[in-house]
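User: Could you walk me through reading a few features here, starting with the surface and then moving on to the aromatic rings?

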Amino acid sequence: MTDNTDTHAPMSQPGFRKDPEVRKITITDVVDALGAGLRDFRRAPAYGLAFGSFFAIGGVLIILTAAKFHMSYLSYPLAAGFVLIGPFAAVGLYEVSRRIDSGEHLSWRAIFGTMWAQKSRELSWMAFVVLFVQIMWMYQVRLLLALFLGFRSFASFNEFVLQVIGTSEGLMFLAVGHVVGAILSLILFSLTVISLPLLMEEDRDFITAMITSVKAVVTSPVPMIGWAFIVTITLIASIVPAFVGLVVTLPVLGHTTWHIYRKCVVHESEAA
C-alpha cells in the first residue's frame, strides 16, 4: 500500500500537506491535451458516447419541460445554463482518462463505483457550487427580462425571439445578458476546470481544489482562457442540433480537461 504521508512536512504539524503546486502551461500544452483527449475517446468510445448521450438527453428534457409549462421563451437561457454543468457531468470521463493513464482496468462497475463513492467525498460539495451558479444564471435572466421587456409572458418561443431581435429593449437584453453570462461562465470555469479532476484523483478539500483551479487560470491565463473559449464555442455548436452534438463533443472535452489538469498540477508523487 502506498504511503501518502508527506515526508517533507514539519514534525510539529502531523498530517500537514502542501497545497498542490501549479505549473505554467502554453497553448501547445492545450493542443497536446486535446490530442490526448481524442485518443482517450477513441480508446474507450462506449463510455464517452454513453455519458455524452445521457447529457444530451438531459438537455432535451429540460427544454421539453419548459415547453410543457408554457415557458418556451426560457429555452435559450435554460440551454445555456444547462451547459454550465458540463464540467460536473464529465466526472465519469475524468475517471476513464485516469484509468487509461494509469493502465488500470476499465469497466462500467469500476467507473460507476468511483462516481458513486464521490457522494461522501469533497466532490459532492462542488455540486452546490455549480448549482449556486446555475441559480444565479437563471435569476439574472429573469431580472433582465423584467428590466428590459417588462413583467410579461410570451405565448410562444417565436414571439419571444421577435420581441428580442426586433426591439431596442430586446437587443439590450441580449447584450447585457450575454455579458453577465460570460462573467458567470468565466467564474465557474475558473473554479471547476482543475478542481473537479483534482478531487477525483486526490483526497483534498473542495476549497483547496477551487483555489488551485483559480491559480491555474491565473498562472496561465492565455492558454486557459483559450481553452474556455474553445469549450464555449464547441458546446454552443453542439446544442444547436437539439443537443445531439454533445454525444461526441462532451466526452472529448471531458477527456481533454483531464489532461489539461495533469499538465497544470504537479502530482504528489512528482513533488515528493
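User: Which helix does I236 lie in?

Analyst: Happy to help! Keep in mind that this is a predicted model. I236 sits in helix α12, which covers residues 221-239.

User: Is I236 buried or exposed, or something in between?

Analyst: I236 counts as partly exposed because its relative accessibility is 46%, and that class runs between 20% and 50%. I236 also belongs to a nonpolar surface patch with F229, I233 and V240. Together these residues have about 420 Å² of accessible area.

User: Now the rings. How is a pair of aromatic rings described?

Analyst: The general idea is to give the distance of the centres and the angle of the planes. In this model the count comes to six aromatic pairs. One of them is F51 with F112, a tilted pair at 6.1 Å centre to centre and 55 degrees between the planes. That pair links distant parts of the chain: F51 is in helix α2 (residues 45-68) and F112 in helix α6 (residues 108-117), 61 residues apart.

User: Why does F51 count as buried?

Analyst: F51 is buried because its relative accessible area is 10%, and the cut-off is under 20%. Its partner F112 is partly exposed, at 43%. F112 also pairs with W108, this time stacked, with 5.6 Å between centres and 20 degrees between planes.

User: Where do W108 and F112 lie with respect to each other in the helix?

Analyst: Both are in helix α6, four residues apart, or about one turn. W108 is partly exposed, with a relative accessible area of 36%. Stepping back, ring pairs join Y47, F51, W108 and F112 into a cluster.

Technical notes. Residues are numbered from 1 along each chain as its sequence is written. This is a predicted model: local features need pLDDT of at least 70, side-chain atom pairs count only at pLDDT 80 or more; totals for chains, interfaces and linings use all residues. Side-chain values use heavy atoms; hydrogens and water are left out. Patches are made of residues with over 30% relative accessible area and no salt bridge: like charges are joined within 9 Å, nonpolar side chains (Val, Leu, Ile, Met, Phe, Trp, Tyr) within 5 Å. Accessible areas come from the Shrake-Rupley method with a 1.4 Å probe; for residues, only the protein chains shown count as cover. A salt bridge is a side-chain nitrogen of Lys or Arg within 4 Å of a carboxyl oxygen of Asp or Glu. Helices (H or I, at least four residues) and strands (E, at least two) are DSSP runs, numbered from the N terminus. Buried means under 20% relative accessible area, exposed over 50%, partly exposed in between (1.4 Å probe, protein chains only). Rings of Phe, Tyr and Trp (its six-membered ring) pair if their centres lie within 6.5 Å; planes under 30 degrees apart count as stacked, over 60 as edge-to-face and the rest as tilted.
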